[in-house]
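Here is a friendly walk through a two-chain structure, from one residue outward to interfaces, domains and sheets. Keep the viewer open as you read.

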Amino acid sequence: MITLSQIRSAATVIAPHVVRTPLLPFGSGWLKPENLQPIGAFKLRGALNALARLENREKGVVAYSSGNHAQAVAFAARLHGVPAAIVMPDNTPPVKIEATKALGAEVFIVGITERVERAEALVAERGATLIPPFDHPDVIAGQGTIGLEILEDLPDVEAVVVPMSGGGLISGVATAIKSLRPDVRVIGAEPELAADIADSLKAGALVRWDPLKRAQTVADALRDEPSALTWAHIGKLVDDVITVSEDEILGAVADLARRARLIAEPSGAVAVAAQAKLGGAGVAVVSGGNVDPGLLARLLAT
Amino acid sequence: MRLVTLEDIHAAAAAIAPHVVHTPLLSFDSSLWIKPECLQPIGAFKQRGAVNALSRIPSEDRARGVVAYSSGNHAQAVAYAAKILGMPAAIVVPNNTPQLKIDATRAHGAEVFVVGITERESRAAELVEERGATLIPPFDHPDVIAGQGTIGLEICADLPEVATILVPVSGGGLISGVATAVKSLRPNVRVIGVEPELAADTAASFAAGSLVRWDAHDRARTNADGLRAEPSELTWAHIHEYVDDVVTVTEDEIRDAVKQISRRTRVVSETSGAVPVAAYLNRELPAGPTVAVVSGGNIEPALLASILG
C-alpha cells in the first residue's frame with residue numbers, strides 16, 4: 001500500500017509541471033477540473049512522478065495505451081529528456097497518434113492483442129523501463145496529489161467522487177483523503193456497462209468482467225479493470241460506488257460544457273453524473289477532456 | 001480625473017478573494033497561456049468587478065439593494081454578487097434577452113424587469129430613485145475597474161516572465177483594470193487590446209489619440225455580443241494612459257479561436273472571450289511569453305456545436 005508521505009513527496013516533485021487545478025462550484029457541490037492539465041487528463045500527475053523517480057534514464061521508457069496515458073508518458077519523458085516508445089493499438093484515433101508523436105515519442109502501431117507483447121519486447125531489447133497506466137506505486141502516488149489539493153482548498157469537504165477503471169486515480173486519492181481525514185467519504189463512480197468494481201465491492205473480492213462487456217460503455221477510458229495492487233487500496237479505502245447510465249454520462253458532458261464551461265470526455269464526466277445522483281456538497285473529479293469534437297457538437301446541438 | 005491605482009486593485013483582490021476563482025494559467029502552445037475567466041461561477045470576469053463594487057457599498061445602504069441594466073454577463077455578475085453578499089438586486093434587461101439568461105439571473109435570486117431596449121436606462125434610474133438603491137454600472141466605475149484589475153495581479157504573480165498580455169476591449173473596464181495593475185507592477189510588459197474589426201471604435205480612438213465614436217448599429221454587427229459597448233471617459237483615460245496598442249480580428253478568426261481554445265485547453269469560450277487568442281493566431285505580435293485573457297464562456301450551445309462540428 002502506498003503512504004501519505006509518498007503522495008506528499010510526489011506533490012513536491014510534480015508541482016512545477018502540473019496545473020494546480022482550482023475547485024469550481026457546480027450545483028450543490030464542486031468540480032476538480034483535471035481536464036485542464038496540459039495533456040487534458042490527470043494521468044500527467046502519475047507519469048511525471050514515475051519519470052522523476054526513474055533510474056536508467058538513457059535507456060528510456062515504454063508504455064502501451066490508446067488513451068491519455070500515452071500522452072502523459074510522452075509529455076513527462078520529453079520534460080525529463082528521456083526517450084519514450086509508446087505502443088498503440090491500430091484502432092487508435094489518428095488525432096491521438098499525432099498528438100503523441102508531436103510530444104516527441106516514438107510510436108509503434110500494433111494489433112490490439114499484441115500491445116503487451118510488443119511493449120515487453122521493447123523493454124527487453126532496449127533495457128527500457130515500462131511505465132504502467134495504474135499498476136505502479138509511483139503512478140498511484142502521483143494521482144493521489146489530487147486528494148491533497150482538495151483537502152487544502154476545501155477543508156470542510158463531505159465527499160469526493162472519483163471515476164474508476166484500473167483504479168490508479170481512486171487508490172491515490174483515497175489514500176490521501178483517508179490518511180488525513182478518515183471522516184470524508186470517498187465514492188467511486190462507474191458506468192453501469194463497466195461496473196466490475198461495484199460488483200467487486202459488493203462481493204468483497206475482485207470480480208472480473210469480460211473485456212468485451214466492459215468495452216460497451218461510451219466512457220472509453222473506463223474500460224479497464226483493477227490490478228491486485230489497486231484493488232487492495234479500493235477494497236480497504238473506498239466507501240461506496242455509484243453507477244451511472246450512458247445517458248447520464250452524456251448528459252453530464254453537455255452539462256459541463258453549458259454550466260461549467262469545461263470540455264470533458266465521457267469518462268471525465270462520470271463522477272459528475274454520479275455526484276448529481278448523490279446530491280450534497282461533494283467534489284467530483286473531472287478526470288479528462290479529450291473528447292471527439294464531433295461527439296461534443298452532437299450533444300450540444302440537441 | 002482620478003485614475004484607479006495599484007492600491008485600489010490590491011484592496012479589491014483582498015475583498016473578492018473568498019468569492020472568485022483564482023483562475024490558473026493554461027498552456028495553449030509553447031509561448032501562449034490563456035487566463036480562463038470563463039471558469040468563474042457566472043462564466044465571466046465580470047464577477048470580479050461586481051463583487052468588489054458591492055462589497056464597498058456602506059453597510060447602511062446595503063438593505064436598499066443594487067440595480068443594474070444589462071442583457072449579458074454583467075446582469076448575472078451583479079445578481080451573483082448580491083446573493084453572496086446578502087443584498088437585494090433588481091436587474092433591468094431588454095426584451096430581446098435570451099430566456100436562458102433571464103432564468104439564470106433569476107436563479108441567483110435577482111428581481112428581473114424586462115423592458116423595451118430603449119427604456120433600460122430610464123427604468124433602472126426609476127428603480128434607483130424609488131428604492132434608494134445603488135446603481136452598479138458595467139464598466140464606468142472605479143470599483144468595477146479595480147475588481148477587473150485583479151486579473152492583472154494574478155497574471156504577474158503566476159507568470160513572472162510574461163512579456164505581452166492580450167485583453168478584449170468593449171466598454172474598457174477589463175483592460176483599464178488589467179493595464180493599471182500590470183503597468184504599475186511591470187512597466188515593460190506590453191498590454192494590447194483586441195477588438196472585432198466590426199466594432200473597432202477603440203482601435204480607431206487609439207490611432208486618433210482621442211475618443212472616436214462609432215454608431216451603435218455598426219458596433220452591433222459583430223457576433224461577439226459582449227464587445228458591442230464603447231468606452232466611457234473614465235475607461236478611455238486608462239486606455240490612453242496605459243495601453244500599448246489595440247489590434248483587430250475578423251469574425252472568422254474569432255470563430256476559429258473558439259474552436260482552438262476548446263481543443264487545446266478544454267475550456268468553453270464565448271466569441272467575445274476568444275478575440276485575444278484570435279489576435280495571437282493571426283496578427284504579428286511582439287515575441288515572448290504571452291497571456292490571452294479569455295474573458296467569458298457563455299456561448300449558445302447550438303453556436304458552439306456549429307463551431308466544433
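Let's begin with Ala297(A), which sits in helix α13 (residues 293–301) of chain A. Bear in mind that the model is a predicted one. Is Ala297(A) buried, exposed or partly exposed? With 18 other C-beta atoms within 10 Å, Ala297(A) is partly exposed, because the buried class asks for 20 or more such atoms and the exposed class for 12 or fewer. Along the chain, Ala254(A) is 43 residues away from Ala297(A), yet their C-alpha atoms are separated by 9.3 Å. Leaving aside neighbours within four places in sequence, the contacts of Ala297(A) are Ala305(B), Leu308(B) and Gly309(B).

Those contacts lead straight to the interface between the chains. Here 22 residues of chain B are in contact with 22 residues of chain A. On the chain B side, the elements that give two or more residues are β1 (26–27), α12 (251–265) and α14 (301–308) of chain B. Which of them has the largest share? That is α14(B), with 5 residues. By class, this side of chain B has 13 nonpolar, 7 polar and 2 charged residues.

Chain A also has an interface within itself. Its domain assignment gives domain 1 (4–41 + 136–301) and domain 2 (45–130). The C-alpha centres of domain 1 of chain A and domain 2 of chain A lie 23 Å apart, and 23 residues of domain 1 are in contact with 13 residues of domain 2. On the domain 1 side, α1 (4–14) and α6 (137–153) of chain A are the elements that give two or more residues. The most comes from α6(A), which gives 8 residues to that side. By class, the domain 1 side of chain A has 12 nonpolar, 9 polar and 2 charged residues.

Both chains carry an annotation in UniProt, taken from unreviewed entries. For chain A, the record's "domain: Tryptophan synthase beta chain-like PALP" covers residues 15–278; for chain B, the record places the feature of that name at residues 18–296. The table sets out the two spans.

| Annotated span | Helix | Strand | Distance between end C-alpha atoms |
|---|---|---|---|
| Residues 15–278 of chain A | 47% helix | 16% strand | 32 Å |
| Residues 18–296 of chain B | 44% helix | 16% strand | 20 Å |

Now for the strands of chain B, starting with β3(B). In a regular strand, side chains alternate between the two faces of the sheet. Strand β3 (residues 66–69) of chain B has Val66(B) and Ala68(B) pointing one way and Val67(B) and Tyr69(B) the other way, and all are buried. β3(B) pairs with strand β4 (residues 89–94) of chain B in the parallel sense, over 4 bridges. Within that pairing, Ala68(B) has Ile91(B) of β4(B) as its bridge partner. Helix α4 (residues 73–85) of chain B joins β3(B) and β4(B) in making a right-handed β-α-β unit. β3(B) is also joined by 2 bridges to strand β6 (residues 134–135) of chain B, and these two run parallel. In β6(B), Thr134(B) is the bridge partner of Val66(B).

Another group of strands in chain B forms an open sheet. It has 6 strands in the order β1-β2-β10-β7-β8-β9, with mixed pairing. Which strands stand at the edges? They are β1 and β9 (245–249) of chain B; each has a single partner strand, so one side of each is left without a neighbour in the sheet. Strand β8 (residues 190–196) of chain B runs parallel to β9(B), and 5 bridges join them. Across this pair, Glu195(B) stands opposite Thr248(B) in β9(B). The edge strand β1(B) has already come up, as one of the elements on the side of chain B that touches chain A.

A last stop is Val212(B), found in the loop between α9 (201–208) and α10 (216–219) of chain B. Val212(B) is partly exposed, with 16 other C-beta atoms within 10 Å. Not counting residues up to four places away in sequence, Val212(B) touches Asp201(B), Ala204(B) and Ser205(B). The C-alpha atoms of Val212(B) and Ala200(B) are separated by 9.8 Å, and the two residues are 12 residues apart along the chain.

Note on methods: Residues are numbered from 1 along each chain as its sequence is written. Chains are lettered from A and ligands numbered from 1 in the order in which they are written. This is a predicted model: local features need pLDDT of at least 70, side-chain atom pairs count only at pLDDT 80 or more; totals for chains, interfaces and linings use all residues. Domain bounds come from an automatic or database domain assignment. Two residues are in contact if their C-beta atoms, placed from the backbone, lie within 7 Å. Ala, Val, Leu, Ile, Met, Phe, Trp, Tyr, Cys and Pro count as nonpolar, Asp, Glu, Lys and Arg as charged, and the others, Gly among them, as polar. UniProt positions are given in the numbering used here, feature names are shortened, and annotations may be inferred rather than shown by experiment. Two strands pair if DSSP finds at least two bridges between them. A crossover is right-handed if, with the strands pointing away from the viewer, the path from the first strand over the helix to the second runs clockwise.
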